[in-house]
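Please look through the model below, starting from one leucine and moving outward to the core and the enclosed spaces.

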Amino acid sequence: MYKKQLVFQRIVCMLMLFASGIVFVYSLGLMTDLYDSLYSTMMNPDDYLETTVEGSIIYYDMQQFNHNLTYVAIGLIFVTLILFITNTHSRRKYYIGNYIAIGLSVVCNVAASVWALLEVFAYKAQYQQIDFEQLKFHSELWNTYYTESTFWFDISVVVFGILLIVTVLLFVNLILKLIMMKEEKRLIGSRKDVRA
């Protein structure tokens, strides 16, 4: 049972690093469709409201959020690395550093997921207010990319869903570790009683 739990904690920590990496990749791709389809509609770099497509200002509105999301994703990767620095992935017995690393990881992942999902769906609602007839006309006139897809908004549920599922697994691992450590302590105590 101890060996299985040790394998499980190693897998969970690796999955946590993978999930944080997915968030980072998502932050890099989030603006792809918006750039390809909306950037060319901005006719005056000094005045973003001067556009050929009503609602295309979302491309500029989302810039700061996307910038912040990328930094948050990098932060999540660094927080996950703390799990490895404290040997949370391989330690047979957890110490205070392991509890702090796990707690920090859980809090950061949940907070980042809630914040990002609320922002993404607010921007999705704004994106759906774009005048797509004007955008289609602009696209045909200037031979630019056209899409009405909300893929990059919708996929956020999968990205942060994975992050939250792995976070739950990390917490489950902590519970299992506490049970194992308590059982090990009990067994050591019972051996001492037998020897006495």
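Leaving aside neighbours within four places in sequence, Leu34 is in contact (heavy atoms within 4.5 Å) with Tyr39, Tyr59, Met62, Tyr127 and Phe153. This is a predicted model, in which local features need pLDDT of at least 70 and side-chain atom pairs count only at pLDDT 80 or more, while totals for chains, interfaces and linings use all residues. Residues are numbered from 1 along each chain as its sequence is written, and side-chain values use heavy atoms, with hydrogens and water left out.

Leu34 also belongs to the largest nonpolar core, which has 41 residues; Leu34, Ile58, Met62, Ile130, Phe153 and Phe160 touch the most other members. Such a core is a set of buried (under 20% relative accessible area, 1.4 Å probe, protein chains only) Ala, Val, Leu, Ile, Met, Phe, Trp, Tyr and Cys residues joined through side-chain atoms within 4.5 Å. The largest share, 8 residues, comes from α5; helices are DSSP runs of H or I, at least four residues, numbered from the N terminus.

Two residues of this region lead on to enclosed space: Leu34 and Phe153 are among those lining the largest cavity, together with Leu30, Asp33, Ser37, Tyr127, Ser149, Thr150, Phe151 and Trp152. A cavity is a set of points on a 1 Å grid over the protein atoms alone where a 1.4 Å probe fits but cannot get out, and lining residues have an atom within 4 Å of a point. The volume, the space filled by probe spheres set on the points, is about 60 Å³. α2 and α7 (151–154) each give two or more residues to this lining.

How values were computed
Buried < 20%, exposed > 50% of the residue type's maximum accessible area, 1.4 Å probe, protein only. 1 Å grid on protein atoms, 1.4 Å probe; cavity = no way out; pocket = protein on both sides within 12 Å on 5 of 7 lines; lining within 4 Å.
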